[in-house]
Amino acid sequence: MGCIEDMTAEFGSEKSGPASRHTRALSRGIGAALPAATALASLFGLCLLWGLAAGIWPSRAFPPPIEVWRVLLKEALSGELGYHLAMTLWRVAAAYLVAMVVGSVIGVILGKYRRADSFFNPWLVLFLNLPALVVIVLAYIWFGLTEAAAIGAVAINKIPNVIVTMREGAIALDPRYAEMATVYRLGPVDHVRHILMPQLQPYFAAASRSGIALIWKIVLVVELLGRSNGVGFQIYLYFQIFDVAAILAYTLAFVAIMLLIELILVQPLERHATRWRRRPA
């Protein structure tokens, strides 16, 4: 009797195996698609609320979504939107690269050498509290209305934040890994690649993500004050003629680009870099 029950149970498990695997795969697919569907539904609800509010209070200062969409298509077809988006993205990328490289190197040095940290900490506090507008204006006055001055001003505003984050990462380094590197006689390159970078990666990712969010906002101010192209310049131009639809069109287009960069580039790279870490059960 026991053998029959075992055979029945085995037959039932074999029969239900593919079905259960299909069910689990379907559940995982639904679970993966649910956040995206929720986000789309939320954005649709926001647009619907925006359209209703614009219909109740019709004004040139508060255009409906369909009018903003028309302006967006017109600017895209004329080529103006693509050109100005490309110029702003170039400045964001250049300032981001400078800020992350310089800030990471200084932050790691300050984290590893406490005397240097004690000496330069007042400088760091000063630059952390220096308004971005002051840095931008001084950069334009001292170095002229040039591309280098614009990118440098944006980078200087971000470097102190990167230093603080990477300094904390360097302080939190586990000395046992350094001892292991000494035992196995790892060279400088291997030490950085296999010991230093994996431990600093979470701090680098945090500084990187906050850096992109901060840098593109400051880039718009830089373009508004002293550039003749870019999204910030276009926003300033349409502000002068009080064209709110065009202001919103350029703003939303650039925000959409930055969200795509976050979803397509930043998050996948972060998951790839942390694939070695133990996942919670």
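Which residue forms a salt bridge with Arg91? Keep that question in mind as you look at the structure above, which is a predicted model. The partner is Glu223, and the closest N and O atoms of the two residues are 2.7 Å apart. Now find the two residues along the chain: Arg91 belongs to helix α3, which covers residues 80-112, while Glu223 belongs to helix α8, so this salt bridge links distant parts of the chain, 132 residues apart. You might also ask whether these charged residues are buried or exposed. Both Arg91 and Glu223 turn out to be buried.

Let us move on to another pair. The side chains of Glu147 and Arg227 also meet in a salt bridge, with 3.0 Å from N to O. Glu147 sits in helix α6 and Arg227 in the loop between α8 and α9, so this contact ties together parts that are 80 residues apart in sequence. Glu147 has a relative accessible area of 23%, so it counts as partly exposed. Arg227, in contrast, is buried, because its relative accessible area is 15% and the cut-off for buried is under 20%. Here the two pairs come together: salt bridges that share partners join Arg91, Glu147, Glu223 and Arg227 into one network.

The structure holds six salt bridges, and one more is worth a visit. Asp117 pairs with Arg167, their closest N and O atoms being 2.9 Å apart. Since Asp117 is in helix α4 (residues 114-128) and Arg167 is in helix α6 (residues 147-171), the pair ties together parts that are 50 residues apart in sequence. Asp117 has a relative accessibility of 8%, so it counts as buried. Arg167 counts as buried too, because its relative accessibility is 11%.

Finally, let us turn from charges to a nonpolar part of the surface. A nonpolar patch of about 1,000 Å² is found there, and its residues include Leu133, Trp142, Phe143, Leu224 and Phe239. Which helices supply at least two residues each? They are α5 (132-143), α8 (188-226) and α9 (231-240). Helix α5 gives the largest share of the patch, with five residues. Take Leu224 as an example: this residue is in helix α8, the helix that also holds Glu223 from our opening pair. Leu224 has 36% relative accessibility, which means that it counts as partly exposed, whereas Glu223 is buried.

Notes. Residues are numbered from 1 along each chain as its sequence is written. This is a predicted model: local features need pLDDT of at least 70, side-chain atom pairs count only at pLDDT 80 or more; totals for chains, interfaces and linings use all residues. Side-chain values use heavy atoms; hydrogens and water are left out. Patches are made of residues with over 30% relative accessible area and no salt bridge: like charges are joined within 9 Å, nonpolar side chains (Val, Leu, Ile, Met, Phe, Trp, Tyr) within 5 Å. Accessible areas come from the Shrake-Rupley method with a 1.4 Å probe; for residues, only the protein chains shown count as cover. A salt bridge is a side-chain nitrogen of Lys or Arg within 4 Å of a carboxyl oxygen of Asp or Glu. Helices (H or I, at least four residues) and strands (E, at least two) are DSSP runs, numbered from the N terminus. Buried means under 20% relative accessible area, exposed over 50%, partly exposed in between (1.4 Å probe, protein chains only).
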